[in-house]
Every structure is written in structure tokens, then in C-alpha cells.
Amino acid sequence: MIDSPLTHAMKPTKEALAIDEYEDAGGYAALRTAVTEMTPFDVTAAVTDSNLRGRGGAGFPTGKKWSFVPPPGKRTGAAYLVVNADEMEPGTFKDRLLLEQNPHLVLEGALAAAFAIQAQTVYVFVRWAYAKAAQRLTKAIIEAQRRGYIGDNVLGSKFCVRVHVHTSHGRYLCGEETGLLNALEGKRASPRSKPPFPQVVGLLGRPTVVNNVETLCNIPPILRNGAAWFKALSKTGDSGTKLYGASGRVNAPGLWELPMGTTPREIIEKHAGGMKSGYNLRGFLPGGASTDFLTDRHLDVPMDFDAMQKAGSRLGTGTMIVLDDRTCPVAMVHNLVTFFARESCGWCTPCRDGLPWTQNILADIEQGRGRPEDLDRLELHCKLLGPGRTFCALAPGAVEPLQSALKYFREDFERHITEKRCPYKH
Amino acid sequence: MATLYIDNKPYEFEEGRNLLHTCLGLGFDIPHFCWHPALDSVGACRQCAVKLFKDENDCTGTIVMSCMTAARDNMRISIDDKEAHEFRAEVIGFLMANHPHDCPVCDEGGECHLQDMTVLTGHTYREHRFKKRTHRNQDLGPFVHHEMNRCIACYRCVRFYRDYAGGKDLEVFGWHDSVYFGRHESGVLASEFAGNLVEVCPTGVFTDKTFRKHFTRKWDLCSAPSVCVHCSLGCNTIAGQRSGVLRRILNRFSEDVNGYFLCDRGRFGYEFVNGSRRVRTPLAKKGRNQKLEPLDRSAAIKRVAELFSSGRPVIGIGSGRASLESNFALRQLVGPQRFFVAESETQHSITTEIVHALRRTPASRASLRDVAKAGAVLVLGEDVTNTAPLLALAVRQACRTAALTNAHGLGIDPWNDAAIRETGHNVRSSLVVATPTLTKLDDVATTVYHAPPDDISRLGFAIAHALDGSAPAPRGLSPEIEAMARGIARDLAQAARPAVVSGAGSGSASVVEAAAGVAAALYKVNHDACLCMSLSECNSFGCTLLGGRDLTAALDAAERDNAEAVVVLEADLYRNCDPAIAGALLTLPRNVVVIDHTLTATAAMADLVLPAATFAEASGTFVNNEGRFQRFFSAIAPQAGFAPGYRWIAEILSVVGPEAPRWETLDDIVNDMESRVADCAGIRAAAPSASFREGSQKIARQSFRASGRTALLANTSVAESPNPADPDSALAFSPEGIQAPREQPLVARYWAPGINSVQAVSKYHGDPPAALVKGEAGADAAENHGAKAPAAFASHASEWLVMPLHHIFGSEELSMLSPSVASLARSALIVLNPEDAAKLSIRENDAVEVSNYALSCACVAAIASWVTKGSAALSVGRPETQGLDLPEWLWIRKAGAP
């Protein structure tokens, strides 16, 4: 059996798998089984049994998400499946790999998901910067249409489906599912209030499921090989594999499909080739820019949803950013907060006005203009911008690296203020 | 009743609202910005945080936004909680990061929600040490001033303008801490309701441009509860003046009538009060062709009184823009037989038809609130946006009722605005717009039908017939119209609280009959049906109750009885009838007396002009289109030169007929009227009488922060002058007295302890029981069935049926004396069908001449396909088109063409 179902068929040339190559590797068999032999309910049940959790960062059980969609008898009009390919988390580039090198896997997963929720329309929402991905995906859609995987009566079944690629102008908030739906409707990509949840009232007021690219790529293997196989891929309670990544001053930054629950130590030392010579590990953000720092004490904590939470951070997207001992943590946090302050949609006060303020304080500290009371203000902001205080999860995510940096690297902040300069700059 | 524990004390409340609204209603102060009682909750500003506890054992609790949390039975919350309190203060700190702190020079200062909320949260010291972001302002037209730097991004403006009022040209641009609320470029805001931004905005981004021009600090204004005079809806307003200059109009909340909003004509039309054409002293001519010259007050009274000693009759002409009291006084002066109304024969028949229809209909008479809640609306013949603008706003809200029902089914709370709008994507209530002209409601209508008035009427008859087989069916209807009528009938019959909306605007009595017929037929199958009709003037309904006849009848009477004099009360006859009739009426009698506040064309013809007080200087009563008695009170104290119309007449009466009742105060007239005119029973209930006191005190017209009482006149004397007396009302021209009265009709200003802005409205209690004109006893729908559907429209060979085209800015008399409104009025338009235009070789913007046997008027051409071939639409109420009684068959030709 295959132990890296998402990536094993990818070509070393980094070209996209053409439809023949994909079919040769067993592609579209799962879709065929689903539409010809299974009911939509069966597909959802299989995914529920597999315990697949959303790979976009929140880790919500995928089968459960689908089960909230009212069945056709209980809804009027269309339902939609939306593929969230708006990957814009700093340090995260996992969906790009899948979109560019295995677009048919993304498609097959999306089609199976559309069948499960009985949606007749699929929108793939691609970030503008992923031009190559959009191009390859569009080509894959044409190929799949010719083979009868997309269109009326897919593979002779009653299932009819259309797939559209929407290249967005891009904003971090388009990655938030309701912000994405607003953007898809041509509105500002501000998040919506929940309830109603998109599964009931989503795109254009219709039931809609928004799934991450990596999540959907897991669907065909699950349908092909079963829930038990999928669970066995993992090292921990959260099933399947995960695309883990590492960036920063490691010898071989990259992306690897590994069993869920692989430890940071294994990822950094074995797969990323360890720290560059002359650099030591100071800490790392395990799952993108909006997760809390962890340190060398946490190198052996399994990278899954629950263990990361327990350690005080989040799995997030599973693509870690490594901080070394010669990089200024204040500058790093300032860089991250600058990103989030810019990406705030401007809807709610703490995020809109709190993040730029935070950014300004961090800039002052980094440039030697910090004041001792600034640290209290930063800590206060971490609280004021925390969960429940803001309209969506952007600001709480934005202050996660800050609050943990203040915990783990406090002396760096203090030295900036007392020495009135950045001690990392010579 | 349910129980809510606030800081461990139990409070009873009615479920169904969010925590914020509930707590405000219970008298608590929770700072808030994005929530508005009419716009509901979206959870943007995060200002209204409170602590919510799971149960009595939970001491930690969680912070929630009170506007986004439903208040439920046995819920436990804390407003005073330290963490919640600190969070609220810090949110103000965030908002203040970019706010310019320009309060001393800000137009909003002293009446600013942001100021109040800042004080309320306890945020005092500024910790933000960085640069503020700045924006460029836009010129948004003559009404609304724009100052974007003050913006705290609460999103209320776009939510009101776009979501609530259907406007399209105000948007939010930009991202993060640089969001910009404005138009894509400078330009006049297109919505008729843009002026509400002034009140909706919690700070000084959108302010009243007309108020700015004669600026005074808001706390120095002397204000009184008032009623709008610019259409028949009678929106409740607050008029504010200082040193005798009326400086602004604000909304006065009325649950049943205008709610929280006004239209721009009502808000900005007020400046006729300060106009250069005001008459401020009695004027008289020495001879017919002489000039009007100032005259002493007592000499003027004496001169009028003399007219009554000639033995020949005096004709009285009342009007729909004068108060019920003034009209009644005139009727008493000249006698009911010689009392007439300043309306042409056609206008008068329509007004009477509407009043009768409303009083006789078996359906209920709809308030604006009823229309806003209607499950389906049929607009028959009336371009409400231009004739009764706030009715259009109510109809727009009615389009959402289906979405509200749908959201309710999904378990979404009725105050969760954004969620309801999301769920309402594919759900729209039925709205039929069947009118002679294009309307601004067409964009939300489910069915649109534009045709000449007779065809609109025929559709109405067909709908009534489809609802009730015994109602007469129009003959020769096309299958399409018949099917449309059946569909509309079905939607109305099935809807919850369906409303039929019509009015005098189409100039067709037949349309009014048809609408009344639909309401009657609808009532048979749906007892929740209601009927709403607009009239032409603010007191048309009231004037009709006094039973006067039209101007043609007035002329007949003047000729027949060899009248000594005609007394015209607050009307320009030339606006209301054929100039030949007006001219005859003003020349045949030996004397012409005009009581008016403005030197109109009619007043210029008078031998004697008695200067009347406007709504801002007088107290009195109007009856709105629904038949609701509404009292307005003087904001400006009585002045030497002019007086309310009824006061002039009372003085004349006291000389002419010593046996006549002595009317010392407004209440004397009101009581006299109630006993003499059966239809006016109920007028007393419009407002508390002058003897009313709240805790032994009068209601203060001025805020207790009013300054400069002695400084104002310090150039002549520093002694404190006594406050003017007001025997007509329970209000005092003074800062002393009750600041926040409980009685809605006496609310002179919104204020509550700590809340100095108009947002204090959320502390007020609802309306008093409605004082409505009673229905006519024994009347029923059967009478309407006497009406017959007109024949279908057929074009004439060389004439066009010219229909009235109303303009919110331009068609109404008084608001056009306001410079801001006048600046938006265009020259008279004639709208032609493209084929007709081609036949006449008329192109867009060409100068066109429209004429009948006696009149010819110049106008500018517009071409639109919604105009039925053989008909046209012409601006009404413009000087160019005065004297035409549209719809009328007229000749049209390109100016200069043979």
C-alpha cells in the first residue's frame, strides 16, 4: 500500500500529471466507484469514518462539515462546493504543490465531495499569484470534461457537475471561508457572521461547502483504500498523512508528505537536513504565521491537531517557519504583524486599529525607539485582539506569534528597549 | 416576561431582542456604535462588550458582544465587570487612534455619540503616539458635508444608505485602517434619504451642510416638536432655531409614522422660513394698482373687520398647507357655506375621494409602519418616492418581509441584520409597481407596469375583480394584463398583511377608486389587508374634514353673491388652478385679503396681506394622510409683526362678532373645534394641552447647557430679559423645565443623562395611542362597486395625454424656497416615447413647447421607452408648468417648429 497518497505519483520534473498518467496511477477510480456504486450518503459516511480533519488550519472534521448540508429534499435550488485554493498564509505553500503538480487529484476530490453534498457546481477559488496553478487546473478541467468526469451524467450516472476556476484579486481574508464567499459574489471579502453557516446559507444564499485543497486531495485515496487504511497512515489519533513544510535557516527547506503526528525534530533534522551551520534553533511557528511560537522543548511533540494545541500552539497548515539564534525575534514578529495589519479587512475595531498600533510599537522597539511601557501595551493588545473580542480569527491569529514571542523571547524585547537598538544588527 | 440578571440583580424583559437593545431599554448604558435601532446588529465595532456567565456558579464568564447575543430567560450578565469595562475603554482607545480630536471646531460637537461613548467608557488618556491616517473629503452636494478624518468606521452610513434605503452611490473603499466611506468621486448623493446620514453617523463625518451655513453650537438651539410640511405623510420632526433663525430639522422618532428617518425634502426644505420672500409685517395697497406697503397691525385688523360690515358676503379660501386651527377659524369667520379649499375641481374631487376611501374602507388604514411590515405591496398609480418619499422607504422595507420570515425559519434572530441579508438572497416579497411614470422602486419590484392612468386604473379594477367576482371587471382587457392581475391578486390574497398604496399623484380619481376597490375586495379574502394613500399637502386630509368646496365653486359663489371680499389662507391660487379662475377670484371681489407667510403670486395680488407664522413660529395641528391628528409647536417665540393665521382671524372675529367665542389660546380653538366639527373629534388627543405639566414643570425648549442668554443682546443691555411666554403649549422658551419628557408629542430634543446626541432616542418610550380621524359610520365597500373601470387608453391624432411627473426636489412649493433644495431642481421636463419624439423631430434636451387652448409652457425634452406611445409626462409644480391640471390632452411641438 501507498504511504504518501497525495504526492507519490508526482513527477520529479515538477510537471503536472496529465490525465493519462493520473489514471494510470489509479486516478478517477474513486470517483467512478462513488458515482456508480455509492450513494452520496455512503461517500459522506466513508469520509466521516476516516476521521479526516480539514487541512486548511482549523481541523474541522470533513465528514461532519458535509453532513450539515441539507439534502436535496430539504433545500430549494442549487448547492455549491467551493475549493479554497487561496493559500496566502506566510510560510505556507503546500496547496500550491498539489495544484501545480497533481491538479487531477484536487479535481477528483472536489468532484467526489460535490457528489457527496449533491452540488452541481464547483468553484475553485485560486489566489491570483498562483497563476501557474490556475493554468494547470484549467487544463485539467478540460481533460476531465473530455473523459466524462465533468459534465452531465458523469460516467453514466445521474450526477451532473460543472467546475469553474475563479482567480481572485487576493486578500488574506479570501482564505476565510465566508470572506471567500463574499469575494466570489463580487463583494468585499469581509467575513460573514455565523450562523447561518455556509453549509446552510452560503454562496448566493445556497448551501455551500468550502474545503481546502489538501483536504479534498485526501478524499480519493480514502474512497479507494478505506477508512482503516487512512487511519493507519498516521502516527497518532488524527488520521492520514500531512504535507509538512519547513522554511527558515535549515539546510533543505521544503515540503514533505509524512504521517500525521510526525515530530518537529524529525521534520527539521531528517527531512530539512538540520539547521544551517552556525545557526541554532531558537523556536518555530509550527503551522504558518498565525500560530504560537514553540521552542526546542517542543521538538518531540507530535505535529497533530490535539498535541500542538496542548503544547500551546496550533497545527495550522503544518508548514513551519524556523527561527534561528541570529535572527531578531522582534523583527520577525514585526514582519508578521505588518502582514496581518495590512490584511485586516477593516470591519472590526480591534483588528483594524489595534494591529497597526501593534505594528508601530514593534517598529519603534526594533528601531531603538521603544519605551519600557510598550511591553505592557503589547501584552494588553494580545488580550484585546484575542478570541471572542474580534469578528473573525484574523486578529487572534495575528497576535499568537506576538504573545508567545513575549513569553519565550522577552529578554530580546527588553534589550531592544534598554540598549535603544536592535542587538542583532552590527 | 423573562428574567435577565444584570450584575446579579434580576430584571424583567420581553424576549426577542438582543442583549444591547434589552439593556438600553431597561435604562442601562452600554456604549455602542454599529448597532442602530433601525439597522440592527452586525457586530462590527466591538464596543458593546459585556460579560456573560454560564450560571450563578460561573465567576469567570466570557466576553460577548451584547448586540450579537440574544437576551434569553435566566441569562446572567455583567456590564460593570472589570474586564468588560476595560475592553470597552480600550476599544474607544483604538477608535481614537485616528480620530482627529477636533471637537472644538466640529459641527457634531456637543451632540456627538462618539463624545458621549468616550466619556461613558472612562477612556481618558491617549496612549497612541503614532501618526494618524488622513483622508481627502468629498463634495457630496448641497445637503451633506463630508469630513472623513473623523470616521471611526462603524459602517452605519453604508448600511443605512445601501442596505436600508437602496442607495447605490455611497460605498466603503479601501482596507485595514484606511477604509473610506464616500462616493467613487465627488458629486451629489443620489438618494432622497441621504440627509439621514447626518443622524446615523455617530460622529462628525456626515453633517448638515445647511446647518453649517448658519452655524450655532447645538446646545444653544431652542427646539420644539414639529411636523413636516413638505408632503402629506406628516413625518415628526424637531425644529431648532436660534435668534429667530430656523437652523435645522431633525427627525423626531415616531414608531407609527416616520420611525427614525426623514427624506431630504423634509429635512432641508425648511429654509423658506428664513426666506427673503417672507412677509413679516402687515402690508396693504392704497388702491388696486398701487404697491403693497407696511401697515400698522391694529389698522390692518380694523380694515379687515370693516369688510364684514358691508352686508355683502366674504368668501374664505382655506388650504391644505394651513393648520386645522387656522382653517377652522376661517370657516367660523366666513361661515361654512362660504368656506372653500384652494384646490381645482379635479384636485378637490381626488382629495375628497381619497379621504372618503380611507374612511370607508373595510381594510385597515395603514401607517408607514404597517406598510413597512406588509408581506406584499401593490403600488397603484403613485410615484411615492417623489410625492411621499418616506412611504417609498417603507415600501422598500416591506420587500424584506419574506426574507425575515425565511430567516426566522432558519432560527436566525430578527435583529441579526447581516445574517438575514445573507439568507434573503433568493427571497423577495411581492412588490407590484403599477404607475404612469418610472419609479425608483422599480429596482426592488417583482412586477413593474407603466401605463397611462386609465390603464393603471383598469389593472386595479381587474385585480379587484380577480379577488372578488362581484367587483366590476374592466372590458376588453388583454390576456397578458388579465394574467398579471390574477397573479397580483393571488400574491396579495396569500400575503400576511398586504398593503395597497396609492394617492393623488397621478391626478386621476379613477386610479384612487381602483385602489380603494382593490383594498375592499382584498379585505374579503384577507382581513389583514391595509390601505395607504398619499395626498397633495400636509393638511389636505384635515382641510377636507371641514367640508369646503373647490375653487370653481368659490368663483361661482363670488360672482353669484357679489362678494365683498375674498380671504385666502396660506395658499397660492395660481399653483392650484387654471390661472383664469385664480385671476377672476382675485379681481372680482372688491377686496382681496391674503393671510400667508410668503409673498406668493396670490399675495402680490392682494389688497391686504396679513403675515402668517410658519410651522416654526406657530403651534397647531395637521392631519396626515392616514387621518392622524398631529400637533406641531412653535420653536420661535411669537414676534411683533406676524402671528399664526388663526390668531389673526381670532382678532378679526373679536371685532366683527362680539358674540363669537373668545379664543385666547390654541386650546380654546381646539376645544371649540372638537365641539363643533364632529369629524375633528380626537384632535385634543393629538398632544397634551398647555396646562400639562410633568412634575409641576413645563417642558424646556432649550438644553440646560444653553449659553449666552444675556450675551446675545449684550450690545444693547446686559440685563437678563424675561423668557417669552407660551400660552399655547406645555413647552417653555427656556432651559428650565423637563429636559427629557415622557410624552412623545412634547419631545423637543433628544437627551438623556450622559447621552447628548440623537442616539438618546433609544431611551425614549413609544408613541401615545394614535389620535385618528374616525371612519365613516355605516360605510362599506359596496359603495366602491358603484365605480366603473375607465376605457382603455387610446392615443389621439394630434394631442398627447400629458401625465404628471413629480420631482422630490422641484414639485413642492415651500421647499423650493430653500436654496439647498432649489439648487437640485432641474428645469421642467417632458418625457416622450422614442417614436413620438421621432415623429416630432424632438431629440433629448431639445427645447419643447407644450400647450393647450390658453396656456403654453416651455420645457426640456427627455426620451424614454417606458412612456406609452401617445402619452407623455411633464414636470408638475414648476413655474413653467403652473396652471396645467395634469393629466391633460395637450399639443406638443419642438420650440420654434411651426
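**Exercise 1. Find how many residues each chain gives to the contact between chain A and chain B, then describe the side of chain A.**

Step 1. Count. Chain A gives 30 residues and chain B gives 32 residues. Two residues are in contact if their C-beta atoms, placed from the backbone, lie within 7 Å.

Step 2. Assign elements. On the side of chain A that touches chain B, helix 14 (329-343), helix 15 (349-366) and helix 16 (374-384) each supply at least two residues. Helix 15 of chain A has the largest share, eight residues. Helices (H or I, at least four residues) and strands (E, at least two) are DSSP runs, numbered from the N terminus.

Step 3. Sort by class. This side of chain A holds 14 nonpolar, 10 polar and six charged residues. Ala, Val, Leu, Ile, Met, Phe, Trp, Tyr, Cys and Pro count as nonpolar; Asp, Glu, Lys and Arg count as charged; the others, Gly among them, are polar.

A note on the model. It is predicted: local features need pLDDT of at least 70, side-chain atom pairs count only at pLDDT 80 or more, and totals for chains, interfaces and linings use all residues. Residues are numbered from 1 along each chain as its sequence is written, while chains are lettered from A and ligands numbered from 1 in the order in which they are written.

**Exercise 2. Decide how compact chain A is.**

Step 1. List the elements. Chain A has 18 helices and eight strands.

Step 2. Apply the rule. The radius of gyration of chain A is 22 Å, close to the 22 Å from the globule rule for 426 residues, so chain A is as compact as a globular protein of that length. The radius is taken over C-alpha atoms; the rule is 2.2 Å times the number of residues to the power 0.38.

Step 3. Add the extents. The C-alpha trace of chain A spans about 75 × 45 × 35 Å along its principal axes.

**Exercise 3. Locate the domains of chain A and the contact between domain 1 and domain 3.**

Step 1. Set the bounds. Chain A has domain 1 (19-232), domain 2 (241-324) and domain 3 (329-419). The bounds come from an automatic or database domain assignment.

Step 2. Take the distance. The centres of domain 1 and domain 3 of chain A, over C-alpha atoms, are 35 Å apart.

Step 3. Count the contact. In chain A, 10 residues of domain 1 touch eight residues of domain 3. The domain 1 side has five nonpolar, two polar and three charged residues.
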